[in-house]
Amino acid sequence: MKTSYPDIRPYTTKDNSEIRELMHPATHGNVNQSFAEAIVAPGCTTHLHRHRATEEIYHITAGEGSMRLGEDTFAVCAGDTICIPPGTPHCIENTGSTPLKILCACSPPYSHEDTELLAES
C-alpha cells in the first residue's frame, strides 16, 4: 500500500497540532501502527497530554522547539528523535520562526480515545 502527501488532508488533533495521517489502519488498511506528520506553528504549544496505551516516536524534520517529556524539558531541532512511553505527559512548543515539523510513529495506532488532555502544572 502507498499514500501520497498531497492527497492527505490535515486535521487538528486533541493536542492542537495539525496532523496528516500518512498511514493509519482506519484509512489505509495497515494493522499495528500509525505514521503521521505533525506541524506546530511558530509560537504555539501543543496541549499537555498523554496516551494510556500508545508509545510514540517523534522525529523532528524541520524547525526547533522545547519538548516536555514527563518531568524533563529539553530543546529539540531537526534531526532529533524522541521516544514517548505510554502514560507519559508530554507537549512540544515551537520556539522558532518557522513551522516545527515532526514525523510521529504510534503503536498501537493513534486514536483520540487514547489521548488524555492534562492540566498544566
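Contact here means heavy atoms within 4.5 Å. Keep that cut-off in mind for the first stop, and note that this is a predicted model.

**Stop 1: Pro 10**

Select Pro 10, in the segment before E1. Which residues does Pro 10 touch, not counting those up to four places away in sequence? They are Glu 18, Ile 19 and Arg 20. Pro 10 has 37% relative accessibility, so it counts as partly exposed. Now add Leu 100 to the selection. The two residues are 90 apart along the chain, and their C-alpha atoms are separated by 15 Å.

**Stop 2: the whole chain**

Zoom out and colour by secondary structure. The protein has one helix and eleven strands. Along the sequence the pattern reads β-β-α-β-β-β-β-β-β-β-β-β. The helix thus comes after two strands, with β elements following it.

Orient the model along its principal axes. The C-alpha atoms fill a box of roughly 40 × 30 × 20 Å. A compact globule of 121 residues would have a radius of gyration near 14 Å, and the protein agrees because its own value is 14 Å.

Next, switch on the surface. About 6500 Å² is accessible, and carbon and sulfur atoms account for 53% of that. Of the 121 residues, 39% are buried. Contacts between residues at least 6 apart in sequence are worth a look too: 64% of them join residues at least 24 apart.

Colour by charge. There are 8 positive and 16 negative charges, and their mean positions lie 7 Å apart.

**Stop 3: the open sheet**

Return to the cartoon and pick out the sheet. In what order do its six strands run? The order is E1-E2-E3-E10-E5-E8, with antiparallel pairing in an open sheet. Strands E1 (11-12) and E8 (81-84) are at the edges; each has a single partner strand, so one side of each lacks a neighbour in the sheet.

**Stop 4: E10 and its two partners**

Select residues 100-107, strand E10. On one flank is E3, residues 34-40, in an antiparallel pairing over seven bridges. Click Ala 36: its bridge partner in E10 is Cys 104. Then click Ala 38, which stands opposite Ile 102.

Move to the other partner, strand E5, residues 55-62. E5 also pairs with E10 in the antiparallel sense, over seven bridges. Here Ile 57 has Ala 105 as its bridge partner in E10.

Now show the E10 side chains. Which of them are buried? Leu 100, Ile 102, Cys 104 and Cys 106 point to one face and are buried. Lys 101, Leu 103, Ala 105 and Ser 107 point to the other face and are not buried. Two of the bridge partners already visited, Cys 104 and Ile 102, belong to the buried set. Ala 105, the partner of Ile 57, points to the other face.

**Stop 5: two backbone details**

Most residues other than glycine have a negative phi, and most peptide bonds are trans. Two places in this model depart from that.

Follow E10 to its end at Ser 107. The peptide bond from Ser 107 to Pro 108 is cis, with omega near -5°. Pro 108 sits in the loop between E10 and strand E11 (115-117).

For the last selection, go to Asn 16, in the loop between E1 and strand E2 (18-23). What is its phi? The value is near 80°, positive in a residue other than glycine. Asn 16 is partly exposed, because its relative accessibility is 46%.

Methods
Residues are numbered from 1 along each chain as its sequence is written. This is a predicted model: local features need pLDDT of at least 70, side-chain atom pairs count only at pLDDT 80 or more; totals for chains, interfaces and linings use all residues. Side-chain values use heavy atoms; hydrogens and water are left out. Helices (H or I, at least four residues) and strands (E, at least two) are DSSP runs, numbered from the N terminus. The radius of gyration is taken over C-alpha atoms; the globule rule is 2.2 Å times the number of residues to the power 0.38. Buried means under 20% relative accessible area, exposed over 50%, partly exposed in between (1.4 Å probe, protein chains only). Accessible areas come from the Shrake-Rupley method with a 1.4 Å probe; for residues, only the protein chains shown count as cover. Lys and Arg count as positive and Asp and Glu as negative; His and the chain ends are not counted. The place of a charge is taken as NZ of Lys, CZ of Arg, CG of Asp or CD of Glu. Two strands pair if DSSP finds at least two bridges between them.
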